[in-house]
Amino acid sequence: MSAETTGSRGFTYWRLRFRAWRGNRPFWAGLFTLVGGVPIMYFPYANLQLGNVTLAMSTTAGAGSLIIGVLLVTLGLTMWFHHVVKTFAGIAAILLALISIPVSNIGGFVIGFLFALFGGALAVAWVPAKPRRGDQRKTSAAPSGDEPDALPEEGTVPGPREEEPAAAATETTVDANGGRNSAG
């Protein structure tokens, strides 16, 4: 830290850090799936007060609704923190959303069903973003001549390769030619 820094990081730093974190995973898919699970697990246990009248919306499948809702919330969190299994989580969210229609008050009065269905579809369709053109040039800005697999800059033609010393005909061990094996 320099003498000018205050020691605390501002809002801009955390906003940019969250933006980078969000860009590397199916964030919106996880959020929609998580939000879809809440009404599915809440409505079967809710009581609605209308003046002095209490409407109990509990059904016989309350445990099934709770399980479906908790699984959808878990799948939403899985999409955020373990995005490698995003296809599995998306398909499971779609199936649980469809199962919630007969089990959980028409899928949480259609609200939870639509959110979970849309979140699952987003998770299945999500692919990581490709690096921007400027970012690729920064990472491969100065390829050294030591690297045999270094790609040339865009628009340039690679030159001829340096000649490698030929191995003697009598060297038949693995250690021949500096430990490298060649097929040709």
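Is Lys86 buried or exposed? Lys86 is buried, because its relative accessible area of 13% falls under the 20% cut-off. This is a predicted model, and Lys86 makes a handy way into it.

**Lys86 and its neighbours**

Lys86 has its place in helix 4. Leaving aside residues up to four places away in sequence, Lys86 touches Pro26, Ala123, Val124 and Trp126. One of these contacts, Val124, turns up again in a nonpolar surface patch described further down.

**The overall layout**

Stepping back, the protein chain holds seven helices and two strands. Read from the N terminus, the order of the elements is α-α-β-β-α-α-α-α-α. The chain has 184 residues, and 24% of them are buried. Its accessible surface comes to about 13,500 Å², with 63% of that belonging to carbon and sulfur atoms. As for contacts between residues at least 6 apart in sequence, 64% join residues at least 24 apart.

**The core**

Now to the inside. The largest nonpolar core has 14 residues, and those touching the most other members are Ile68, Leu72, Leu75, Met79, Ala93 and Leu96. Two or more residues of this core come from each of helix 2 (27–42), helix 3, helix 4 and helix 6. Helix 4 gives the most to this core, with five residues.

Met79 is a good residue to click on here. Not counting residues up to four places away in sequence, Met79 touches Arg25, Pro26, Ala29, Gly30, Thr33, Ala89, Gly90, Ala93, Gly119 and Ala123. Pro26 and Ala123 are also among the contacts of Lys86.

**Aromatic pairs**

The structure holds 13 aromatic pairs. Two of them involve Trp21, and their geometry is set out here.

| Pair | Centre to centre | Angle between planes | Type |
|---|---|---|---|
| Trp21 and Trp80 | 6.3 Å | 70° | edge-to-face |
| Trp21 and Phe81 | 5.8 Å | 45° | tilted |

Which parts of the chain does the pair of Trp21 and Trp80 tie together? Trp21 lies in helix 1 (residues 11–23) and Trp80 in helix 3 (residues 62–81), so this pair ties together parts that are 59 residues apart in sequence. The pair of Trp21 and Phe81 links distant parts of the chain too, with Trp21 in helix 1 and Phe81 in helix 3, 60 residues apart.

The three residues vary in how much surface they show. Trp80 is buried, at a relative accessible area of 14%, and Trp21 is partly exposed, at 25%. Phe81 counts as exposed because its relative accessible area of 57% is over the 50% cut-off. Ring pairs also join Phe18, Trp21, Phe27, Trp28, Trp80 and Phe81 into a cluster.

**The nonpolar surface patch**

Back on the outside, Ile91, Leu95, Leu98, Ile101, Ile106, Val110, Leu114 and Val124 form a nonpolar patch with about 660 Å² of accessible area together. The elements that each give two or more residues to the patch are helix 4 (86–103) and helix 6 (111–125). Helix 4 gives the most to the patch, with four residues.

Ile91, a patch member in helix 4, is partly exposed, with a relative accessible area of 43%. Ile91 is eligible for the patch because its 43% is over the 30% that membership asks for.

Helix 4 thus brings the threads of this report together: Lys86 has its place there, the largest nonpolar core takes five residues from helix 4, and the nonpolar patch takes four.

Technical notes
Residues are numbered from 1 along each chain as its sequence is written. This is a predicted model: local features need pLDDT of at least 70, side-chain atom pairs count only at pLDDT 80 or more; totals for chains, interfaces and linings use all residues. Side-chain values use heavy atoms; hydrogens and water are left out. Patches are made of residues with over 30% relative accessible area and no salt bridge: like charges are joined within 9 Å, nonpolar side chains (Val, Leu, Ile, Met, Phe, Trp, Tyr) within 5 Å. Accessible areas come from the Shrake-Rupley method with a 1.4 Å probe; for residues, only the protein chains shown count as cover. A salt bridge is a side-chain nitrogen of Lys or Arg within 4 Å of a carboxyl oxygen of Asp or Glu. Buried means under 20% relative accessible area, exposed over 50%, partly exposed in between (1.4 Å probe, protein chains only). Contact means heavy atoms within 4.5 Å. Rings of Phe, Tyr and Trp (its six-membered ring) pair if their centres lie within 6.5 Å; planes under 30 degrees apart count as stacked, over 60 as edge-to-face and the rest as tilted. A nonpolar core is a set of buried Ala, Val, Leu, Ile, Met, Phe, Trp, Tyr and Cys residues joined through side-chain atoms within 4.5 Å.
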